[in-house]
Amino acid sequence: MENTAKSHKEWRILAKKMRRKKVRQKNAQERDREEEEDEAIKLSDPTYLTWMAEQNALELFLEEEQELQRQETHRKWVEADEKSQKAFRELQEKLKLVEADQQKEKIRLQEEYRADQERKEKLREEQKRIASEKRRKHEELLRKIKSYVQGEQDLPEELLETLDSNPGKDLCPFFSKTAVCRFGNTCNRNHTMPMISQIVLIPNFFTHILLDEYRGSEHGNDMSLEFEEREIESDFKEFYYDVIPEFEFLGEILNFFVCKNAEPHLRGNVYVEYKRRRDAMKVYQKLQGRYYGGKQLNIAFCAISSWSTAICGLELLKRCPKGRMCCFLHIFRNPDAKYSYSWRRDRTLRQTSNDDKKKIQNVSSSWNDEDDHERRHWRWSESPEVEESRKSSKRPRRRSNSKSRSESESRDRKHRK
């Protein structure tokens with residue numbers, strides 16, 4: 001029963017499907033027939049036929065136009081491709097040329113670098129050779145100087161030369177007379193300096209507040225009001241008795257001058273003239289770079305042809321209008337007139353009048369009329385660092401210097417009595 005119902009249901013579904021198929025076929029046949037009739041009507045209509053001809057002609061024209069455009073586009077593409085290929089080939093050729101040039105430049109730079117390195121190596125070797133030669137000559141010169149100082153040989157010829165600050169320029173008149181110039185190394189004239197001389201110059205060796213009173217002010221200051229002139233003379237004597245044994249120990253002194261000018265290039269300068277250049281070289285070797293009173297010394301040789309042109313004669317006569325600002329040497333009067341400037345040994349004394357001679361002699365004799373001095377403990381040292389280590393040790397020549405200084409003091413007291 002159930003199987004029969006199921007079969008009937010399937011039959012009904014199949015029948016409906018066949019019925020719908022027949023309906024669709026019938027509709028399709030009807031549509032085709034209507035279309036054929038419409039087509040036949042259109043084909044029998046001249047207007048439609050004319051329109052169809054125009055449409056066919058238009059389609060043909062469009063196809064031909066599209067074909068022409070396609071061909072033109074293809075032609076342009078081919079031309080552009082050929083141009084690009086040509087440009088690419090040209091670029092490749094240029095790149096090859098550039099690469100070749102770069103390779104050549106690289107090779108050239110490598111060759112130049114190699115040549116430069118070789119040149120630098122040769123230059124370094126030459127500099128080493130020159131430095132070694134200079135070192136050898138310097139050591140040889142030092143050996144000759146040492147032998148010369150010890151009296152084993154004559155003065156080396158290398159020390160007979162002179163040094164010029166501005167070769168070819170006119171000589172600086174003040175430097176030629178006083179061995180110093182207010183313009184220093186900036187002077188536009190020539191400063192001729194000997195490599196060795198009998199005269200030793202120690203710039204700014206002696207210091208005092210009265211000599212520094214003009215420093216830092218155009219019109220000076222009032223610090224000097226607290227000090228008297230005799231105080232600087234007393235301090236100078238202390239300085240003199242402290243340093244003169246050191247210079248006497250190194251050689252025979254002819255002149256010892258200390259400047260009391262306030263000009264910076266002359267302030268406290270010490271000139272020591274020895275009888276022999278060998279003794280002056282000893283001073284340079286022993287005292288160069290040493291410290292005195294906490295200040296490092298700078299020793300230099302100088303050439304002064306005549307002390308009469310360097311020392312201010314008006315100051316000796318107490319008539320110098322410039323005072324301490326004078327550019328010629330105003331010197332202190334050494335105790336006992338020792339190592340002092342002597343007008344009697346000067347040629348210019350012959351040209352002075354009798355009255356001036358008497359005044360000069362009176363001035364020279366008045367150099368001995370000085371008050372007694374009080375010792376200050378001035379210290380010599382190689383440097384401030386080793387100063388403490390040298391306090392406990394005394395060298396034998398220090399005792400001899402102290403003895404010489406005591407003898408000088410006693411002679412000074414006896415002369416004053």
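What follows is a chat between a biologist and a modeller about a predicted model.

Biologist: Let's start with helix α1; which residues make up the positive surface patch?
Modeller: Helix α1 covers residues 2-43, and lysine 21 is found in it. Lysine 21 is partly exposed, since its relative accessible area of 40% falls between the 20% and 50% cut-offs. Lysine 21 belongs to the positive patch, whose full list is Arg12, Lys16, Lys17, Arg19, Arg20, Lys21, Lys22 and Arg24.

Biologist: And which residues gather in the patch of negative charge?
Modeller: One of them is glutamate 34, which also sits in helix α1. Its relative accessibility is 40%, so glutamate 34 counts as partly exposed. The whole negative patch reads Asp32, Glu34, Glu35, Glu36, Asp38 and Glu39.

Biologist: Which residues are linked in a network of salt bridges?
Modeller: For a bridge, a side-chain nitrogen of Lys or Arg has to come within 4 Å of a carboxyl oxygen of Asp or Glu. The network here joins Glu30, Arg33 and Glu37.

Biologist: On to helix α2: how far apart are its end C-alpha atoms, against what you'd expect?
Modeller: Helix α2 runs over residues 46-149, which makes 104 residues. At 1.5 Å a residue, the span should be 154 Å. The value in the model agrees with that, the end C-alpha atoms being 146 Å apart.

Biologist: Which residues of α2 are buried?
Modeller: To count as buried, a residue needs under 20% relative accessible area. Lysine 144 in this helix doesn't make it, because its 22% leaves it partly exposed. The ones that do are Tyr48, Leu141, Ile145, Ser147, Tyr148 and Val149.

Biologist: How much accessible area does the nonpolar patch on the surface have?
Modeller: Leucine 62, one of its members, lies in helix α2. With 41% relative accessibility, leucine 62 is partly exposed. Taken together, Leu58, Phe61 and Leu62 have an accessible area of about 280 Å².

Biologist: What separates glutamate 112 and arginine 108 along the helix?
Modeller: Their side chains meet in a salt bridge, at 2.2 Å from N to O. Both are partly exposed, glutamate 112 with 40% relative accessible area and arginine 108 with 34%. The two are four residues apart in helix α2, so what separates them is about one helical turn.

Biologist: How far apart are the closest N and O atoms of glutamate 121 and arginine 124?
Modeller: These two are three residues apart in helix α2, so about one helical turn separates them. Glutamate 121 is partly exposed at 35% relative accessible area, and arginine 124 is partly exposed at 38%. Their closest N and O atoms form a salt bridge at 2.8 Å.

Biologist: How many residues apart in sequence are the parts tied together by glutamate 158 and lysine 144?
Modeller: The pair forms a salt bridge, with the closest N and O atoms 3.5 Å apart. Glutamate 158 lies in the loop between α2 and β1 (162-164), while lysine 144 is in helix α2, so the parts they tie together are 14 residues apart.

Biologist: Is glutamate 158 buried or partly exposed?
Modeller: Anything between 20% and 50% relative accessible area falls in the middle class. Glutamate 158 comes in at 33%, so the call is partly exposed.

Biologist: How many salt bridges does the structure hold?
Modeller: We've gone through some of them, including glutamate 112 with arginine 108 and glutamate 121 with arginine 124. The total for the structure is 21.

Biologist: Now the backbone: which glycine follows α2, and what is its phi?
Modeller: Most residues other than glycine have a negative phi. The residue here is a glycine with a positive phi. It is glycine 151, and its phi is near 80°.

Biologist: What about lysine 318, where is it and what is its phi?
Modeller: Lysine 318 is in the loop between α7 (313-316) and α8 (354-365). Its relative accessibility is 52%, so lysine 318 counts as exposed. Although lysine 318 is a residue other than glycine, its phi is positive, near 60°.

Biologist: And which aspartate has a positive phi?
Modeller: Look in the loop between α7 and α8. The residue there is partly exposed, because its relative accessibility is 25%. Its phi is about 60° although it is not a glycine, and the name is aspartate 336.

Notes:
Residues numbered from 1 in each chain as written. Predicted model: local features only at pLDDT ≥ 70, side-chain atom pairs only at ≥ 80, totals over all residues. Heavy atoms only, no water. Patch = residues over 30% accessible without salt bridge, like charges linked within 9 Å, V, L, I, M, F, W, Y side chains within 5 Å. Areas by Shrake-Rupley, 256 points an atom, 1.4 Å probe, with all protein chains shown as cover. Lys, Arg positive; Asp, Glu negative; His and termini not counted. Charge placed at Lys NZ, Arg CZ, Asp CG, Glu CD. Buried < 20%, exposed > 50% of the residue type's maximum accessible area, 1.4 Å probe, protein only. Expected span 1.5 Å × (residues − 1).
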